[in-house]
Amino acid sequence: MIRVTIYWIGFAIVLVLLVVYSIFENEYERSKENSKYEQVIGLLCGIFGVLFFIFLATFYVYNIYLLAIRYDSTLMWLSLCFIVFFPSLAICVLLFDKEWKYFNIIRSSFVGISGVVALFSCIAYIIFFIFGFLLTGFSYPMNEDAKYTQYGYSIDILEMREVPYTNVSGSRWYIRSAPSNAYYYEVATESGNTTTKVLDGYGHYVEKDEDDKYINNPHIEVIYTMHECYNMYTMKTHTEVIGENYIICIPENAIYYEEE
């Protein structure tokens with residue numbers, strides 16, 4: 001997962017160098033000609049310009065590497081958008097203010113197509129970057145298949161009933177339905193009263209364990225689905241709860257019944 005950390009650190013370095021280079025370049029253009037201040041600013045502008053293009057080229061090669069090894073789907077899309085963006089932008093910039101003596105319409109076509117490709121690849125890169133990194137809080141799944149379950153907690157219940165229903169979803173053009181069950185269970189409150197809660201079998205995986213050994217302790221076991229994640233900022237791994245499954249543990253034909 002160190003590749004993920006390298007990626008966002010490299011992106012941050014390139015972005016910072018671009019901003020600093022742009023600031024010094026703008027200041028250099030506004031400074032008084034043939035002054036000592038202009039020479040100093042020009043030197044700093046040149047240094048940061050060279051650093052920017054070196055890191056940009058390195059980061060570009062790194063994107064090609066990540067795309068070639070197919071390391072991760074999110075990084076693959078990011079790398080593809082980044083690789084497509086800069087050549088198309090370069091073509092658009094280089095040909096934009098030129099005038100061909102012959103076949104100028106071809107130049108205009110290249111400028112238009114490369115401009116559109118650069119725009120869409122930039123937008124796609126931003127979207128993938130936001131949804132892939134920033135919205136996850138720099139927490140990145142280590143392996144999509146590395147999921148496991150563990151016991152979470154249990155809910156003591158007084159009574160349970162199962163109510164079958166049909167889940168309907170979709171829009172006016174496409175409506176789909178699926179049979180499911182709603183599980184209504186009563187629990188005791190802190191004040192000594194009871195309250196009814198519902199567990200939707202359509203939105204959660206539910207198992208039923210009917211055995212007389214639960215005659216004195218009917219309950220619902222909550223099983224967490226865990227996933228190991230890698231934090232790109234701290235470079236450490238941690239586990240996150242990404243889902244919950246339920247096991248209804250009740251005695252046979254005692255406090256559990258179905259509603260027709």
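Biologist: Which residues is Asp156 in contact with, leaving aside its neighbours within four places in sequence?

Modeller: Asp156 is in contact with Val187, Pro218 and His219, where contact means heavy atoms within 4.5 Å. Asp156 and His219 are 63 residues apart in sequence, yet their C-alpha atoms are 4.3 Å apart in space. This is a predicted model, in which local features need pLDDT of at least 70 and side-chain atom pairs count only at pLDDT 80 or more, while totals for chains, interfaces and linings use all residues. Residues are numbered from 1 along each chain as its sequence is written, and side-chain values use heavy atoms, with hydrogens and water left out.

Biologist: Why is Asp156 called exposed?

Modeller: The relative accessible area of Asp156 is 56%. Exposed means over 50%, buried under 20% and partly exposed in between (1.4 Å probe, protein chains only), so Asp156 counts as exposed. The residue belongs to strand β2 (residues 147–156); strands are DSSP runs of E with at least two residues, helices are runs of H or I with at least four, and both are numbered from the N terminus.

Biologist: What makes Thr225 buried?

Modeller: Thr225 has a relative accessible area of 17%, and it therefore falls on the buried side of the cut-off. Thr225 is in strand β7 (residues 219–231). Not counting residues up to four places away in sequence, it touches seven residues by name: Tyr148, Thr149, Glu240, Val241, Ile242, Gly243 and Asn245.

Biologist: How do you know that strands β4 and β5 pair?

Modeller: Two strands pair if DSSP finds at least two bridges between them. Strand β4 (residues 175–188) and strand β5 (residues 194–200) are joined by 7 bridges and run antiparallel, so the criterion is met. In β5, Thr195 is the bridge partner of Val187. The two strands form a hairpin with 5 residues between them, and Gly192 in the turn has a positive phi of about 95 degrees.

Biologist: Why is the aromatic pair of Tyr21 and Phe52 called stacked?

Modeller: Rings of Phe, Tyr and Trp (its six-membered ring) pair if their centres lie within 6.5 Å; planes under 30 degrees apart count as stacked, over 60 as edge-to-face and the rest as tilted. The structure holds 14 aromatic pairs. For Tyr21 and Phe52 the values are 6.3 Å centre to centre and 5 degrees between the planes, so the pair is stacked. Tyr21 lies in helix α1 (residues 2–30) and Phe52 in helix α2 (residues 36–69), so the pair ties together parts that are 31 residues apart in sequence.

Biologist: What makes the pair of Tyr62 and Tyr65 tilted?

Modeller: The centres of Tyr62 and Tyr65 are 6.0 Å apart, with 35 degrees between the planes; that angle is neither under 30 nor over 60, so the pair is tilted. Tyr62 is buried at 16%, whereas Tyr65 is partly exposed at 36%.

Biologist: How do you know that Arg161 lies over the face of Tyr184?

Modeller: A charge sits over a ring if NZ of Lys or CZ of Arg is within 6 Å of the ring centre and within 35 degrees of the ring normal. Arg161 lies over the face of Tyr184 at 4.8 Å from the ring centre, so the distance limit is satisfied.
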